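Please go through the model below with an eye on how its helices pack. The report takes the helix pairs one at a time, then turns to single residues.

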Amino acid sequence: MKTVALRYRAEHLLVVALAAVLVRTPEGLATAVARGLGFFAGAVLRIRRDVVDENLRRAFPGRSPRWYRSVALRTYRHFGGEVVSTFRLARMPPEERRARFRVEGFDRIAEPVSTGRGVLLLAGHFGNWEVAAVSMRSRGVPIDALVRRQRNPLFDGYLRETRKGLGTGVIYDREPLRAAMKSLRAGRVLALVADQNFTGDGIFVEFFGSPASTVRGPGVLAMRTGAPVVFLDPRREPGLRARYTVRYSRLPQPESDDLESGVRELTRAYTQRLEAAIRECPEQYFWFHRRWKTRPRPEQPAETSTPG
């Protein structure tokens, strides 16, 4: 136990020290260094490189080896830089933060919230989903995020404070469902990142042509609360300074009143919208995760997409 505790402390101190240095370094230099470290992790250390390569081949079959390598290494560079940008944005004055975002479709959020209705905001591990809260809090919209607790409790606390610095309340995914429903019924935005492989009782939907086990929770929340569901597309713009285009688009309400059918409809619509965004900027997706790890049983086929 003491060895584990010492490791957690060492990891926490390393993160805090690195963040302190990078926050005080000129932004362009800090971003360039972080992207370079990301490139090194992918090209030399090859951390999870086999997973990234396998995912890219599955999602984009028939591309050239040069294309796969280019997208893979740009993915490492992207996420290296976004670590720095997230820490820096959490410490910027509100007016400077707001200037870093170009927002489209914010009425999809503002209109229901102005009438006291909560909004379910669905994102993927795409662009920089952590910083999107800035575009809401700077416009007076309260937001909570349903997140997974980190194994290292010290790092978990540091990450929680960083999220609070970005204006995001935190609800852990192991807390009772009523905590999330309470947030929605209080007229807040509840944000979920819902695109990782789900090993429990998930729904299989097609993602880049392959069945992927997807969490049911967002669909269940939407059906039980009647909250409008909005898709979040937060893309990093080119350059060494952190600037983002954040797009909000409404997902169609399920046509069926049946819980199971409604959950399937919403999960399918969310996955299709996310896939379309990734196809436009594949290097900004988190290919490090084994998205297709869980396979459907023969009696549990994927929900297939319908044209249009």
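## α10 against α11

In this predicted model, helix α10 (residues 217-225) and helix α11 (residues 259-280) pack at an angle of about 125 degrees. Their axes lie 8 Å apart. An angle between 115 and 145 degrees counts as oblique, and α10 and α11 are therefore oblique to each other. Their crossing is right-handed.

Which residues make the contact between α10 and α11? From α10 come Gly-219, Val-220, Ala-222 and Met-223. From α11 come Leu-259, Gly-262, Val-263 and Leu-266. By class, this contact of α10 with α11 holds 6 nonpolar and 2 polar residues, with no charged ones.

## α11 and its cover

Helix α11 has 22 residues. From first C-alpha to last, α11 reaches 33 Å, close to the 32 Å expected at 1.5 Å a residue.

Many positions of α11 can be checked for burial in the structure above. The buried residues of α11 include Gly-262, Val-263 and Leu-266, which also take part in the contact with α10. Thr-267, Arg-268, Ala-269, Tyr-270 and Thr-271 are buried too. So are Leu-274, Glu-275, Ala-277 and Ile-278. What covers the buried residues of α11? The cover includes helix α10 and the strands β2 (119-123), β6 (203-207), β7 (210-214) and β8 (229-236).

## α9 against α10

Helix α10 also packs with helix α9 (residues 177-185). Here the angle is about 50 degrees, and the axes are 11 Å apart. Angles from 35 to 65 degrees count as oblique, and α9 and α10 are therefore oblique to each other. The crossing of α9 and α10 is right-handed.

On the α9 side, the contact is made by Leu-177, Ala-180, Met-181, Leu-184 and Arg-185. On the α10 side, Leu-221, Arg-224 and Thr-225 take part. The contact of α9 with α10 divides into 5 nonpolar, 1 polar and 2 charged residues.

## α3 against α4

Helix α3 (residues 49-59) and helix α4 (residues 65-89) form another packed pair. Their axes come within 10 Å and cross at roughly 125 degrees. That angle makes α3 oblique to α4. The crossing of α3 and α4 is right-handed.

Helix α3 brings Arg-49, Val-52, Asp-53, Leu-56 and Arg-57 to the contact. Helix α4 brings Tyr-68, Arg-69, Val-71, Ala-72, Leu-73 and Tyr-76. How many residues of each class does the contact of α3 with α4 have? There are 7 nonpolar and 4 charged residues, and no polar ones.

## Ser-70 in α4

Ser-70 lies in helix α4. Is Ser-70 buried or partly exposed? Its relative accessibility is 32%. Buried means under 20% and exposed means over 50%, so Ser-70 counts as partly exposed.

Ser-70 and Arg-241 are 171 residues apart in sequence. In space, C-alpha to C-alpha, Ser-70 and Arg-241 are 22 Å apart.

## Asp-156 in α8

Asp-156 lies in helix α8 (residues 153-165). Its relative accessibility is 5%, so Asp-156 counts as buried.

Which residues is Asp-156 in contact with, leaving aside its neighbours within four places in sequence? They are Arg-148, Arg-149, Gln-150 and Tyr-172.

Technical notes. Residues are numbered from 1 along each chain as its sequence is written. This is a predicted model: local features need pLDDT of at least 70, side-chain atom pairs count only at pLDDT 80 or more; totals for chains, interfaces and linings use all residues. Side-chain values use heavy atoms; hydrogens and water are left out. Axes are lines fitted to C-alpha atoms, for helices over the stretch in contact, and angles run from 0 to 180 degrees between N-to-C directions. Helices (H or I, at least four residues) and strands (E, at least two) are DSSP runs, numbered from the N terminus. A crossing is left-handed if the near helix is turned anticlockwise from the far one by less than a right angle, and right-handed if clockwise. Contact means heavy atoms within 4.5 Å. Ala, Val, Leu, Ile, Met, Phe, Trp, Tyr, Cys and Pro count as nonpolar, Asp, Glu, Lys and Arg as charged, and the others, Gly among them, as polar. The expected span of a helix is 1.5 Å times one less than its number of residues. Buried means under 20% relative accessible area, exposed over 50%, partly exposed in between (1.4 Å probe, protein chains only).
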